[in-house]
Amino acid sequence: MSDTNFTATVPVESVSSEISQSSPVSSLRAKILAIRNGLRQGQQQMADWLSGPLAVSAVPGAGKSTGMAAAAAIAIARQYESLALSRSSVHRQLVVVTFTRSAAANIKAKIRKYLREDLSLPQTGFAVYTLHGLALNIASRYPDLSGLELENLTLITPSQSHRLIRTAVEQWINNNPEKYFRLLEGQQFDGEETERLRRQSVLRTEVLPDLATTVIHEAKSSGLSPEQLQQWSKQTADEYAILSIAAGLYEQYQNLMRSRDFIDYDDMILAALRVLENDSARRIEQNQVFAVFEDEAQDSSPLQTRLLEILASDGDEEKQRSRGAEEQREEKFPPYSLPPAPSPLPTPHSPLNLVRVGDPNQAINSTFTPADPIYFRQFCEECDRVEKLATMNQAGRSTRIIIAAANFALEWVNSFYGAKNQKSPHLNASSPFRPQTIYPVDVSDPQKNANPAPEGRGLELYTPRDIHHTVELLSKRVVELFTPDPANTRAAVLVRENRQGRWLAEMLAPVCKEHKITLYDVGERDRRSHVPQEILALLQFCDRPHSPDYLKAALEVLVQRQLIPTQDLNALASLPEEFLYPGPLAAPQPEPAEKAAHLCRSLLRARLELPLYQLISFLALALNYDQAELATADKLAERVNQQIAGGSSMGTMLSALSEIVNSERFEPVETEDLEAHYTRPNQLTIITMHKAKGLDWDYVFIPFLHENLIPGRFWVPPQSQFLGDFTLSEVARAQIRAALHGESGIPDVTQAWEQAKHLKTAEEYRLLYVAMTRAKRLLWMSAAHKAPFTWSKPDNLQEQAPCPVFPALKRQFPESIEV
């Protein structure tokens, strides 16, 4: 099962009878009140929701997932209560939507726990989805309306998409020679043949694929068709006609997708929206849902938001609201693309039963995905106007000085860049952060050890000589922290990029080994995802069990998984037939070999007895995978089965899996258990700032805070500077977003490039804010005088300016400066 269609569906069954028999209404209300009173103020606002829209803006560490789970359980209980009182046979469910599979599994478990332990209710009446899982669930049940015949379609992966985009680029070049030659000329060109060939290579393999990838994701996830993008390009007058080129690439991509029966993730959302354009299907879906709760709302795209709004709307109201625009949409857009309807303005009696929870200040994906925090900000503002905004501004995670440092960083960045933006009148840019202050929790807060006592000063600011001195200081502090009570010590080093983490892991390994501190480099674990390779090894053995090579590879997997004892595998694999099926005259096998042979025969028996589509899941269970590995195997199985649909055989399965292992990057699924690996006691975790979101540690180290990385600078690769001091992809992204945001006009190249730089700067500061708020008792930060210009060459040290926030923190907290 993949990220795409992960669901945790819990159907309603025998609700009224179970309530009336085991949980009288009065008792149920008392239990609801007990849960509600056990929450802090911001969480209580969520739990008090009855109907209509509600925006919940939650600061880091506010307990939004716990609050959402409690609010969801209470909403389900109230629905049960209503059914019991009315004796109605109409059962609607709560739909909970979140961003990742791990978050979906986490919140499902929490809701079930509230229903089971606190409310004594059946664990029914709700369904938990990822956004793409919800869309696929709807689209697959109405194939005639969605246009998705899943057995005939293939969901493309990023690398396949990349190859498809290269083909789209070549076709666009063939169809648009004049625009292509204009790109070749660039700012100036003397006609020299070698330079022409170099530019051709740069355009075909870098510039145009980058432009296509960026624009297709940006436009398609916003519901824009190639035709609409082409119309917008007429409002621009740049020398390259960047938006026109982007629209042409997008058109070629869509043509290729249709001709090859491919779909991508955005097609799932579009397909679900096509279903919901049908009055009958929309009413059916809406009548199954009494409300929609969305987590991590700051990361939603316009189309995803539109999908949730339709599901959360009252059927009759929604029909009236959308009827006027329906004919317009059919005229302007082809069948595979729908524009996003404007977000409906909430009113006190709005039919939109939608609760959206998020934090715009933790939006850290918007410069490399179509996610745009402006839409959640707007939803918060709209709800605020009708008093439907809840603010979870109390957080018990961090000690008070860390909270003060995070609040100061937010205010300083807004103040600094607000003044800077005023000097650029052509730059239509909002502040990097939504004004929002984190407050400590009340003394009576139910959270254990809320706002814990600081370790030392709680905030330590270092300015080492260079990165090697940084390692010395960091190592010394790590040893000091872990020595007293290693079994209860959790710490992490947060880095901006994986190359920093790789270098740091090498430097810290001797110290950690000496002091028996586990060093866990998350980046290294991600680079060595083992699930696809192990599954492939077992499948190859099942397909050709008499191959010594395949048998040995399978046995190695079983040894690594500690399912059979370590032994001489070469001896076992040299004669596969005798090992697997020893004859009556063969010498008795040693016990370890007998155990291995028995396990191998069980795998071969499964190959004969199980259908192909179940094999990967069976092998995952046979290997005793943990929760994270099982989820990854489900994702792998779904992807392989989709690729071989219509031509299912062991050969095609092995071919598809081999391609994944040998030529593509396969992301493992992250579950709650896996994330727990990042925060284990007596462990120093090295992890990127992006991956640290949602986690916390007692002690957090943030080294290498330099301006060239945070906020960084937009860098135009030297090989493409012949086009100018900008990149086509970022200019196009900024132009599309300006149009989507309803700005007065599409910015020109210079303005768009400035806006793109502002978006990058804002997101980098939000990323730093996320990193700072991971710490509970100690936040250790440093910016060395000398650091590499690029971490691909860590020995090439140069003087580096610190991140601008760092000197400001030193001025604000002089007592935290460490010499």
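# Questions on a predicted model

Reader: Which share of the contacts in the protein chain with a separation of 6 or more comes from residues 24 or more positions apart?
Author: This is a predicted model. Take the contacts in the protein chain with a separation of 6 or more. Residues 24 or more positions apart account for 80%.

Reader: How many strands go with the helices in the protein chain?
Author: The protein chain has both kinds of element. Its helices number 35. Its strands number 18.

Reader: What percentage of the residues in the protein chain is buried?
Author: The protein chain has 819 residues. To count as buried, a residue must be under 20% relative accessible area. The buried share is 57%.

Reader: And what part of the accessible surface belongs to carbon and sulfur atoms?
Author: The accessible surface of the protein chain comes to about 34300 Å². Carbon and sulfur atoms hold a part of that surface. Their part is 49%.

Reader: Which residues touch the most other members of the largest nonpolar core?
Author: Nonpolar side chains tend to be buried together in soluble globular proteins. Here the largest nonpolar core has 89 residues. Those touching the most other members are Phe293, Leu494, Ile702, Leu705 and Met781.

Reader: How many residues are in the second, separate core?
Author: This core includes Ala219, Ile242, Leu243 and Ala752. It is separate, and its residue count is 47.

Reader: Back to Met781. Which residues of strand S10 does Met781 contact, beyond its neighbours within four places in sequence?
Author: S10 covers residues 459–462. Elsewhere, the contacts of Met781 include Ile702, Leu705, Leu768, Met772, Phe806 and Leu809. From S10, Met781 is in contact with Leu459, Glu460, Leu461 and Tyr462.

Reader: Which residues of S10 point the other way from Leu459 and Leu461?
Author: Leu459 and Leu461 point one way from the strand. All the residues named for S10 are buried, on either side. Pointing the other way are Glu460 and Tyr462.

Reader: Which residue of S15 stands opposite Glu460?
Author: Strand S15 spans residues 775–782. S10 and S15 pair in the parallel sense, over four bridges. Opposite Glu460 in S15 stands Trp780.

Reader: What is the bridge partner of Tyr462 in S18?
Author: S18 is a strand of residues 817–818. Two bridges join S10 to S18, and the two run parallel. The partner of Tyr462 there is Glu818.

Reader: Is strand S11 largely enclosed or not, and how many of its residues are buried?
Author: S11 covers residues 490–495, six in number. The strand is largely enclosed by the rest of the structure, because most of these are buried: five of the six.

Reader: Which residue of S14 is the bridge partner of Ala491?
Author: S11 pairs with S13 in the parallel sense over six bridges, and in S13 Val495 has Thr688 as its bridge partner. S11 also pairs with S14 in the parallel sense, over three bridges. In S14, Ala491 is partnered by Tyr699.

Reader: Why is helix H28 largely enclosed by the rest of the structure?
Author: H28 runs over residues 627–643 and reaches 24 Å, close to the 24 Å expected. Its buried residues include Glu629, Lys635 and Arg639 alongside Ala628 and Leu636. The helix is largely enclosed because the buried count, of 17 residues, is 12.

Reader: At the start of H19, which residue has the backbone nitrogen that a side-chain oxygen of Asp466 reaches?
Author: H19 spans residues 467–482, and its end C-alpha atoms are 22 Å apart, which agrees with the 22 Å its 16 residues should span. Among its buried residues are Ile467, His469 and Phe482. The side-chain oxygen of Asp466 comes to within 3.0 Å of the backbone nitrogen of His468.

Reader: Which peptide bond is cis?
Author: Most residues other than glycine have a negative phi, and most peptide bonds are trans. Pro711 lies in helix H32, residues 708–712. The cis bond, with omega near 5°, runs from Ile710 to Pro711.

Reader: What is the relative accessibility of Phe704, and where is Phe704 found?
Author: Phe704 is not a glycine, yet its phi is positive, near 60°. Its place is the loop between strand S14 and H32. Phe704 counts as buried, since its relative accessibility is 4%.

Reader: How far is a polar side-chain atom of Ser221 from the backbone oxygen of Glu218?
Author: Ser221 sits in the loop between helices H10 and H11. Ser221 is buried, at a relative accessible area of 1%. Beyond its neighbours within four places in sequence, its contacts include Asp266, Ser301 and Pro370. The distance to the backbone oxygen of Glu218 is 3.3 Å.

Conventions: Residues numbered from 1 in each chain as written. Predicted model: local features only at pLDDT ≥ 70, side-chain atom pairs only at ≥ 80, totals over all residues. Heavy atoms only, no water. Core = buried A, V, L, I, M, F, W, Y, C linked by side-chain atoms within 4.5 Å. Buried < 20%, exposed > 50% of the residue type's maximum accessible area, 1.4 Å probe, protein only. Contact = heavy atoms within 4.5 Å. Expected span 1.5 Å × (residues − 1). Pairing = 2+ DSSP bridges. Areas by Shrake-Rupley, 256 points an atom, 1.4 Å probe, with all protein chains shown as cover. Polar contact = N/O pair within 3.5 Å; in protein donor to acceptor, adjacent residues only side chain to side chain.
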